[in-house]
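Biologist: I am new to this structure and would be grateful for a close look at a single part of it. Please choose one strand, describe its surroundings, and then place it in the wider setting.

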Amino acid sequence: MTLSKKRLAAITVCLTAIFFTLFLFLPESIVGHRADQLLLFLPKVLFLAVTAAITIAFLLIVIFKKDFMRWQLHSFNRYRYLLKLLVKRDFVTKYRKSVLGVLWSVLNPLLTMMVLTLVFAHIFRFEIENFPVYVLSGQLIFNFFSEATTQSMHSVIGSGGIIKKVYVPKYIFPLSKTLSSLVNVLFTLIAFLLVFIFTGAEFRWTMLLVPIPIFYTLIFSLGVGMFLSSLTVFFRDMTYLWGVFTMLLMFLTPIMYPIEQIPEAFRPVWGLNPLFQFVDYFRELTLHGNIPDLWTNIVCLGVALCALCVGTYVFMKKQDRYILYI
Amino acid sequence: METPAISVQNVSMRFNLSKDKILGIKEYVVKALKGQIFYEEFWALNDVSFDVMPGEVFGVMGFNGAGKSTLLKIIAGVFRPTMGSVTVNGEISPLLELGAGFDSEFSARDNIYMNGAMYGYPPQFMETKYEEIMDFAELWEFEDVALKNFSSGMMGRLGFAVATSVRPSILIVDEILGVGDYKFQAKCEERIQNMISDGVTVLLVSHSIKTIKEMCSRAILLEKGRVVCCGNIKDVCHAYGDE
């Protein structure tokens, strides 16, 4: 059976509908505080519909193109050493010839945190409990995202020399850059722990769940990175646009200011920023000792999966033409 | 019947050459709206088909611009053909472009592993080949020297050593290489000869009728992307010489 666009759309709609009906019958305890008012409920329903549709469409494509996927998996198995070497090389290159070397991975977030604390806690006087930890947690997630996406964006163009010479699965490049950023996050986590101990913050067992928001951010960044790297090959201006956009996004994410600074009316708009969701998740675990409810998890995972599906699809669709534009 | 090592079926490759230079985004939009964006289509390859059997030494001949390099790049998997398909059974080692992924900041040792990984070989495997590679490239003294301090000849030797030491079952050779001094070239040729007698399939591009006649059993002649003739080496050489 072949997969025509019409058929794909039809099956997607059907499956989404089924998924939905099932969801509506779930007991309230699982869905979290599902609002009684339809007004609050509607955006959630819409969000779920879009997320489910995209994910289901992607899965359908994967199932229908089994041969293609099998071949991709085979090639991944073959090139996983390359992935490992590329990540290692990124890491080694980064601190080559600097005196302090790897130490910078921990020092850098610490110093940035100090500057931000000086400016925002002592000059602007924001009232936040344990500002150093607050700011560092925001930085950790946000810098992960911005570094991973920016590096991925350049990765395909930057590897032109390799792509022109020998066959290598192209997704290796954004993937390796995203994983390199993940390695960096691990070092930032060390810095985070140091600050945590130093400021005398209370340890909570929920801190052990920290890999979850990091995982969501990883999936999300990988998706966005794949999309960007593909787009940049054909449209180089993206490099500059994305630089400005990440800056905007940084100010839209409550990293160095409390969310309470935003007028109540605008807060739902802030909630649309997936990075805020991830940052908030991270802070709930580390600062407040709460485990976010199921709904928050659905939102985070949904956004991340959507980004991954769209990014992978666009990337795979365009990858044969990269070489003509590099 | 034996399955061919390389099977090329009705392969065509189109490139778009943009005719007039588009100066800016405004002009681009205006032209796009008028439907005036033309690309000159250039068919680098047009309906090319042939099979190469395992263990065969197959020649590819043609004048400059005949599409030889494009064909080799398609077989190596660098280009995806516009139409048609290529099936390859075996491990290809393309000697088209040596040293994929060489990084001048790193040592010869690191680059050998990286280059191997680019061809899809795990580090454990490269370790077993390491000595052979260094012996062949004669670079033991420079094992830990960064590649940026290498001469181009040294770099070429290293690339050739890696590409041939991994024992591929298919070798793509674009001209018998001009790597290093005459001594090393003789060594390269000897190694390729050894591989041929070991039963490696070779796809050889050369302008020299003499080389092709000496080494190949069958060949294909391309002209402007089309197959002029394909088959017995004598007929093909005859056709090539006549033109």
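Modeller: The account below begins with strand β6 of chain B and then turns to its chain and to the contact with chain A.

This is a predicted model, in which local features need pLDDT of at least 70 and side-chain atom pairs count only at pLDDT 80 or more, while totals for chains, interfaces and linings use all residues. Residues are numbered from 1 along each chain as its sequence is written, chains are lettered from A and ligands numbered from 1 in the order in which they are written, and side-chain values use heavy atoms, with hydrogens and water left out.

Strand β6 of chain B covers residues 170-174. Helices (H or I, at least four residues) and strands (E, at least two) are DSSP runs, numbered from the N terminus. Four of the five residues of β6(B) are buried, and the strand is thus mostly covered. Here buried means under 20% relative accessible area, exposed means over 50%, and partly exposed lies in between (1.4 Å probe, protein chains only).

β6(B) pairs with strand β5 of chain B, residues 92-95, in the parallel sense over four bridges; two strands pair if DSSP finds at least two bridges between them. In this pairing, B:Ile170 of β6(B) has B:Ile92 opposite. β6(B) is also joined to strand β7 of chain B, residues 201-205, by five bridges, and these two strands run parallel as well. There, B:Ile172 has B:Leu203 of β7(B) as its bridge partner. In a regular strand the side chains alternate between the two faces of the sheet.

The loop between α5 (152-165) and β6 of chain B contains B:Arg167. The phi angle of B:Arg167 is near 55°, which is a positive value in a residue other than glycine. B:Arg167 is partly exposed, at a relative accessible area of 43%. A positive phi also appears at B:Asn10, another residue other than glycine, with a value near 45°. B:Asn10 belongs to strand β1 of chain B, residues 6-18, and counts as partly exposed because its relative accessibility is 42%.

Chain B as a whole contains eight helices and nine strands. Of its 243 residues, 49% are buried. Among contacts in chain B with a separation of 6 or more, 73% are between residues 24 or more positions apart; a contact means heavy atoms within 4.5 Å.

Chain B also touches chain A, with 27 residues from chain B and 21 residues from chain A taking part. The area buried between the two chains is about 2,200 Å², and carbon and sulfur atoms give 63% of that area. Buried area is the accessible area (1.4 Å probe) that two parts lose on being put together, summed over both.

Three salt bridges are counted between chain A and chain B, each being a side-chain nitrogen of Lys or Arg within 4 Å of a carboxyl oxygen of Asp or Glu. One of them links B:Glu91 to A:Arg78, with the closest N and O atoms 3.2 Å apart. On the side of chain A that touches chain B, two or more residues each come from α4 (66-94), α7 (160-165) and α14 (322-325) of chain A. α4(A) gives the largest share of that side, nine residues.
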